[in-house]
Amino acid sequence: MKTQLASTTLHIFLICMCSVTGTKAQQTDTAGRKNILFIAVDDLRPELGCYGAGYVKTPNIDKLASKGVLFENAYCQQAICAPSRNSVMTGLRPDALNIYDLSTFFRTTVPDVVTLPQHLKNNGYISEAVGKIYHEGHNNRDDILSWSRPSWDYKTPLKNLKKVKRGDTTDLQSDFPKINGELLPFYKSNAPETNMTDAVIADIAVERLHQLKDRPFFMAVGFKNPHLPFVAPAKYWNMYKPEDIRIPERNDPDGVSRYAFARWSGELNKYHGISQYKTEGYLPDDLSRNLIHGYYAAVSQVDDLIGQLITTLEELGVRDNTIIVLWGDHGWKLGEYGMWAKHSNCELDTRAPLIISAPGFSGGKKSESLAELLDIYPTLCELSGTGLPDHLQGKSLVPVLKDPTFKVRETAMSQYPRGKYLKDDPTKREIMGYSITDGRYRFTRWQSYKNPDRVLDRELYDHHKGRIDLSNLARLKEYDTIVRRMEKLLNDQLAHNR
Ligand SMILES: [Ca+2]
């Protein structure tokens, strides 16, 4: 009896010792780990002060770029929210996820995939999210496996909204102002800024940073602006003068493929005052100017809120120990070719902003090296010293952070589906367009989704003089050699993806 008691005591003692040792080991493992502030901005074009667009007021993002590496040639994997974000967060391309639509939740196609926040959480980080990180809505859901506690999104009821007089249209408190039951596409708001979703997101993120400051944390903050509708407080609206706003050329590229663009944006069409121009195909100048004005104002608001997050890190004394990644989920056509929104393989839609500021790397550098948003996951694994999961399809950009002229990839690839939805699988469409850039030429091949050997069209654009597609060179005989070279690069990449 006595012996048994002694043995039990010893057993308990050993369990205690083990758990103490376990805790210590974990503390040792995470000591010195860098925090990560991961900022996603919805529909943000790389048209920012630090990207050479001085007329867009983004002093806080510019300051971040002055302390980090700005990627001039970063590309999303599919120019629409959910597929792009799924790819960033899982480290898998849309083809590997088998998702190209907004509504399929990635756990239904790759149930066991370890996401970036989940990987960090498994390695001692506290992973949290505020705002739009995964694309939620439709049947899509937040991913509970990713986070240390449920993420906060903008469907959570807003607390502490200041009372605004009802019926006063200049003081709409909603981020989605309506007229005659229709949503307005842009709106200069005089309501208190604290009532706006993105301001609430920043507020909650600041509160969370205060709570997390002593832990290695992965704090994901997803801003909703400058996604449509372009609603911004008057103070940001007033940073721009209508007469300074340039409306882009409305010309289609010569010889553009019929599959290249969805001419009229269904995304914009649902807003008030748009559909009446559908037969013309183009919006009038004043409407175009207001949309661009609203977009810039929304960008400046988000810039201000990003400044608040970074100031918080400084005040908490953790800025020097925190990696900051800022990315947009894809580009946007802001009136170029007379078109609006994303949803294509063109340079303007696939190119996205990407800035990485990491302790220990010198800042203020711009890199022309190609990057994919898919590369964010492996980059953060390397920077955090947590090891790279085997499934990742991207490449770590750490060599580029060390030397901005270093190239980790020869091409960047995107894809976009077109055509009718398949009868036997309405989440897929009958045509897939694959597009690669080598940093100068963009080659796109449109092919049957079910019979990939059936090629429907090819496009080649030369971007050495700018990001606008001028002429489809794939139709000219003198470009045959370049088309063949780019097609081989595309085929090599596709073979590598399998
Ligand atoms: Ca988006």
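**A seven-stranded sheet and a calcium site**

In this predicted model, seven strands line up as an open sheet in the order β3-β7-β1-β9-β12-β2-β13, with mixed pairing. Strands here are DSSP E runs of at least two residues, helices are H or I runs of at least four, and both are numbered from the N terminus; two strands pair if DSSP finds at least two bridges between them. β3 (126-131) and β13 (365-372) sit at the edges with a single partner strand each, so one side of each has no neighbour in the sheet. β3 runs parallel to β7 (residues 217-223) over six bridges, and Ser 127 has Phe 218 of β7 as its bridge partner.

Turning to the metal, the calcium ion has its protein donors (N, O and S atoms within 3.2 Å for Na, K and Ca, within 2.8 Å for other metals; water is not among the atoms, so sites may look incomplete) at 2.2 to 2.7 Å: Asp 42 (OD), Asp 43 (OD), Cys 81 (SG), Asp 329 (OD), Asp 329 (OD) and His 330 (NE2). Asp 43, in the loop between β1 (35-41) and α2 (59-66), and Asp 329, in the loop between β9 (322-328) and β10 (333-334), are 286 residues apart and link distant parts of the chain. Both Asp 43 and Asp 329 are buried, meaning under 20% relative accessible area with a 1.4 Å probe, protein chains only. Along the chain, the donor spacing reads D-D-x37-C-x247-D-H.

Residues are numbered from 1 along each chain as its sequence is written, and side-chain values use heavy atoms, leaving out hydrogens and water. Local features need pLDDT of at least 70 and side-chain atom pairs count only at pLDDT 80 or more, while totals for chains, interfaces and linings use all residues.

Note on methods: Buried < 20%, exposed > 50% of the residue type's maximum accessible area, 1.4 Å probe, protein only.
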